[in-house]
Amino acid sequence: MTMKIDLHSHTYYSDGHLSPAELVLRAHQMQLDVLAITDHDTTQALAEARHAQAQEKRHLEIISGIELTTRWHGFDIHILGLHFDEHDEQLQQRLLEQTRTRVDRARQICVKLAKCGIENVFDDAMVKVGQGQITRAHIAQVLLERGEVSSFQGAFTKYLGKDKRAFVSAQWIDIATAIQWIHEAGGVAAIAHPASYDMKTKWLKRLLSEFKSLGGDGMEVTHPNMQPTKKELLAKLALEYDLKAVVGSDFHFPSRWSELGKRLDISAKLTPLWQDWPCLASFNKEYL
Ligand code: AMP
Ligand code: MN
Ligand code: MN
Ligand code: MN
């Protein structure tokens, strides 16, 4: 028996489409054994997910998670926090800072959109957000529904992407701070989707080297649709910089391209970040 694990997923508390209960149900349908919920800058989904899981007969180990947004040399770098105490009061206080940054940035984006003749996007986006974190995905959805763009992706290429008409560079925390927040809440920190930052390999190496020297623990090494050559490069880099391996689908909603727990196998040379988590001890005995 092998363990099916996915350590990167979203709910509607950030830019995912499913509720925490729906995500848990989906994880069961996909035969997952372990699921980390890693919403952007919030842990709100975890309590509801655990509550939903408590009603289920089939076992699913839910791991606390978060995807922290940081700023590094002009890049928005996402850092996954995993296996920490989600009730840590200090962490929750610190996250309020990221919420403020998100709301401030969204307001500034909407000011820029208004200058392009697209008015009052902020209020419409906040209706979609509900109690969760506002993301550019919410703003993109409003632009799509208003017919200002013809596709979700188009909202990024025309307005929201880096250096486009309504792009705002936010005051995110730095990488060292993200690692510190996660470690002080008892968790481990990993670079999310290192292959998707649109940076040259030289810069990626610089990022991984700095992350490691700041005490970072791991990096994602695969993604459901990743080319084999990319996978090989990431495995090589994980070994070179002594970072443990994280696997996750970055699931936001079911689609032809994205699903929980699919095609996430990794090279046997890599050390899984989860190998010494006590909650997975019985699985790891068989899996490793
Ligand atoms: P934010 O964290 O608010 O900057 O929003 C980032 C989220 O928007 C990402 O997690 C993606 O889900 C989505 N996103 C960012 N860039 C793009 C893009 N170019 N195309 C489609 N979705 C994007
Ligand atoms: Mn997202
Ligand atoms: Mn991300
Ligand atoms: Mn993500």
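A residue is called buried when its relative accessible area is under 20%, and exposed when that area is over 50%. This cut-off is used throughout the following account of a predicted model, and Gly187 offers a first case: because its relative accessibility is 9%, Gly187 counts as buried.

## The chain as a whole

The chain has 10 helices and 7 strands. Its radius of gyration is 19 Å, close to the 19 Å that the globule rule gives for 288 residues, so the chain is as compact as a globular protein of that length. Measured out along its principal axes, the C-alpha trace spans about 60 × 45 × 40 Å. Of the 288 residues, 53% count as buried, and the chain exposes about 13,500 Å², of which carbon and sulfur atoms supply 50%. Among contacts between residues at least 6 apart in sequence, 73% join residues that are at least 24 apart. As for charge, the chain carries 34 positive and 37 negative side chains, and the centres of these two sets lie 7 Å apart.

## The sheet

Strands of a sheet pair through backbone hydrogen bonds, and the pairing can be either parallel or antiparallel. In this model, 7 strands form an open sheet in the order β1-β2-β3-β4-β5-β6-β7, with mixed pairing. The edge strands are β1 (5-6) and β7 (244-247), each of which pairs on one side only.

Two of the pairings can be followed in detail. Strands β1 and β2 pair in the parallel sense over 2 bridges, and Ile5 has Val34 in β2 as its bridge partner. Strand β3 (residues 61-72), by contrast, pairs with strand β4 (residues 75-82) in the antiparallel sense over 8 bridges, and here Thr69 stands opposite His78 in β4.

Which way do the residues of strand β2 point? Val34 and Ala36 point one way from this strand (residues 34-37), while Leu35 and Ile37 point the other way, and all of them are buried.

## Residues in loops

Four loop residues can be set side by side, with the place and the relative accessibility of each.

| Residue | Loop | Relative accessibility |
|---|---|---|
| Val149 | between α5 (136-145) and α6 (152-160) | 9%, buried |
| Asp163 | between α6 and α7 | 65%, exposed |
| Gly187 | between α7 (175-184) and β5 (188-191) | 9%, buried |
| His193 | between β5 and α8 (201-213) | 18%, buried |

What surrounds Gly187, once residues up to four places away in sequence are not counted? Gly187 then touches Leu82, His83, Phe84 and Ile182. Gly187 and Glu86 are 101 residues apart in sequence, yet from C-alpha to C-alpha they are 9.4 Å apart in space.

Val149 can be described in a similar manner. Leaving aside its neighbours within four places in sequence, Val149 is in contact with Leu143, Leu144, Gly154, Ala155 and Tyr159. Val149 and Gly117 are 32 residues apart in sequence and 13 Å apart in space, again from C-alpha to C-alpha.

The remaining two residues of the table draw attention through their backbone angles. Most residues other than glycine have a negative phi. Asp163, although it is not a glycine, has a positive phi of about 65°, and His193, also a residue other than glycine, has a positive phi near 25°. Why does Asp163 count as exposed? Its relative accessible area is 65%, and the cut-off for exposed is over 50%. His193 has a relative accessible area of 18% and is therefore buried, since buried means under 20%.

Terms used: Residues are numbered from 1 along each chain as its sequence is written. Chains are lettered from A and ligands numbered from 1 in the order in which they are written. This is a predicted model: local features need pLDDT of at least 70, side-chain atom pairs count only at pLDDT 80 or more; totals for chains, interfaces and linings use all residues. Side-chain values use heavy atoms; hydrogens and water are left out. Helices (H or I, at least four residues) and strands (E, at least two) are DSSP runs, numbered from the N terminus. The radius of gyration is taken over C-alpha atoms; the globule rule is 2.2 Å times the number of residues to the power 0.38. Buried means under 20% relative accessible area, exposed over 50%, partly exposed in between (1.4 Å probe, protein chains only). Contact means heavy atoms within 4.5 Å. Accessible areas come from the Shrake-Rupley method with a 1.4 Å probe; for residues, only the protein chains shown count as cover. Lys and Arg count as positive and Asp and Glu as negative; His and the chain ends are not counted. The place of a charge is taken as NZ of Lys, CZ of Arg, CG of Asp or CD of Glu. Two strands pair if DSSP finds at least two bridges between them.
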